[in-house]
Amino acid sequence: MASISSVQPRVVNLSPLEFTKLSQPPLLIDVRSQLEYATGHAPGALNLSLPRILMGRFSGLRKFLLPQWFKDLPKDRPIAVICLTSHRSPIAADFLIKSGFQSVFNITGGMVEWRQLKLAIATGKS
């Protein structure tokens, strides 16, 4: 029988509506391109594209590709990721778990579902 300490962190899926109803939502990272992000994103979401996250695993590129706010994130801080249709965000979420983050959420349906639900949208850069 496995002990509790041997349980590995896993990605938890949340719908956009479930995310907006959280009393203490995790930091939301939008993994789309800067252009996609600028045309409309969830309020409070920070932009860090999936390619930058994935390429940031290479130590020589980390200092150029990853913003300081991301490098400073504690591994125990809850993080949620969102993209356009929930194709990129699961990749980012899995990568964050493999990188040591302990509490990672994937927003299912992405910004397409977010807009369909008529949830608040912010525009411009973060």
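This dialogue walks through the charged pairs of one predicted chain and then its overall fold.

Q: Which conventions apply to this model?
A: This is a predicted model, in which local features need pLDDT of at least 70 and side-chain atom pairs count only at pLDDT 80 or more, while totals for chains, interfaces and linings use all residues. Residues are numbered from 1 along each chain as its sequence is written, and side-chain values use heavy atoms, with hydrogens and water left out.

Q: How many salt bridges does the count come to?
A: Side chains of opposite charge can pair when their charged atoms come close. A salt bridge is taken here as a side-chain nitrogen of Lys or Arg within 4 Å of a carboxyl oxygen of Asp or Glu, and by this rule there are two. In one of them, D30 pairs with R32, with the closest N and O atoms 2.8 Å apart; in another, E36 pairs with R88 at 2.9 Å between the closest N and O atoms. The E36 and R88 pair links distant parts of the chain, since E36 lies in helix α2 (residues 34–38) and R88 in the loop between β4 (79–82) and α6 (89–98), 52 residues apart.

Q: Are D30 and R32 buried or exposed?
A: Buried means under 20% relative accessible area, exposed over 50%, and partly exposed in between (1.4 Å probe, protein chains only). Both D30 and R32 are buried, whereas E36 is partly exposed at 22%, as is R88 at 27%.

Q: How many helices and strands are in the chain?
A: Helices (H or I, at least four residues) and strands (E, at least two) are DSSP runs numbered from the N terminus, and the chain has seven helices and five strands.
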